[in-house]
Structure formats: structure tokens, C-alpha cells
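Please read these notes with the structure open beside you. They go point by point, from the overall picture to single side chains.

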Amino acid sequence: MLDRLYLPLLALATAAVIALAMVWPQGLGARSPAPFGHTPVQQTPAMKTAMERETEASQQRIKRAQDAVRNLQSQAISRTP
């Protein structure tokens, strides 16, 4: 391909990618600039409370599992002659 055609097309494609990166939603954690995007799902009050509930439930499950392991270990040690 001719350089006179290829290089301007490459510069145009580069500018288009940069412009797209400036307005594309930034994922669930960060909001896009003012006229674009919406409030991320993870930042809504309902989702925050659901995430906190799940975190607490997960911590309780971990604590129960650790307690069960400790009980089994102490039983095994106490049975050793």
C-alpha cells in the first residue's frame, strides 16, 4: 500500500481509538466523563448493601469452617494415647 494513503489512514485510526478511549465506559468501578455513561451498578445503594451482606455471610462461613477444623484437630489430639 502506498505510504501516502497508509500513513494518513493510520493517523486517523489512531485518533479514532484515542477519542473512543476518552468516552468509553470505564467499567463497573469508575464513571465515564460527564455527558457519557451512567452510575456504575456497584455504586448504587442497593448493590452496596447486597455486597456488604454477602461479605458478612462469607466471613461467617469462613469462621464456622475454621471452628470446625479446630474442633476436629482438638478431638484428634485428645484421642491420641
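1. Basis. This is a predicted model, where local features need pLDDT of at least 70, side-chain atom pairs count only at pLDDT 80 or more, and totals for chains, interfaces and linings use all residues. Residues are numbered from 1 along each chain as its sequence is written, and side-chain values use heavy atoms, with hydrogens and water left out.

2. Overall build. The protein has two helices and zero strands. Both terms refer to DSSP runs, numbered from the N terminus: helices are H or I with at least four residues, strands are E with at least two. Helix α1 covers residues 3–23. Helix α2 covers residues 45–79.

3. Burial. How much of the protein counts as buried? The figure is 2% of its 81 residues. Buried means under 20% relative accessible area, exposed means over 50%, and partly exposed lies in between (1.4 Å probe, protein chains only).

4. Surface. About 7200 Å² of the protein is exposed, and carbon and sulfur atoms supply 65% of that. Accessible areas come from the Shrake-Rupley method with a 1.4 Å probe; for residues, only the protein chains shown count as cover.

5. Nonpolar patch. Ile18, Leu20, Met22, Val23 and Trp24 make up a nonpolar surface patch, together offering about 520 Å² of accessible area. Patch members have over 30% relative accessible area and no salt bridge; like charges are joined within 9 Å, nonpolar side chains (Val, Leu, Ile, Met, Phe, Trp, Tyr) within 5 Å. Met22 sits in helix α1. Met22 counts as exposed because its relative accessibility is 55%.

6. Salt bridges. The whole structure holds three. The term requires a side-chain nitrogen of Lys or Arg within 4 Å of a carboxyl oxygen of Asp or Glu. One of them joins Arg61 to Glu54, at 3.2 Å from N to O. Arg61 is partly exposed at 41% relative accessibility, and Glu54 is partly exposed at 46%.

7. A shared partner. Lys63 bridges to Asp67, with their closest N and O atoms 3.3 Å apart. The two lie four residues apart in helix α2, about one turn. Asp67 also bridges to Arg70, at 3.1 Å between the closest N and O atoms. That pair is three residues apart in helix α2, again about one turn. Salt bridges with shared partners thus link Lys63, Asp67 and Arg70 into one network.

8. Exposure in the network. Is Asp67 buried or partly exposed? Asp67 counts as partly exposed, because its relative accessibility is 29%. Arg70 is also partly exposed, at 48%.
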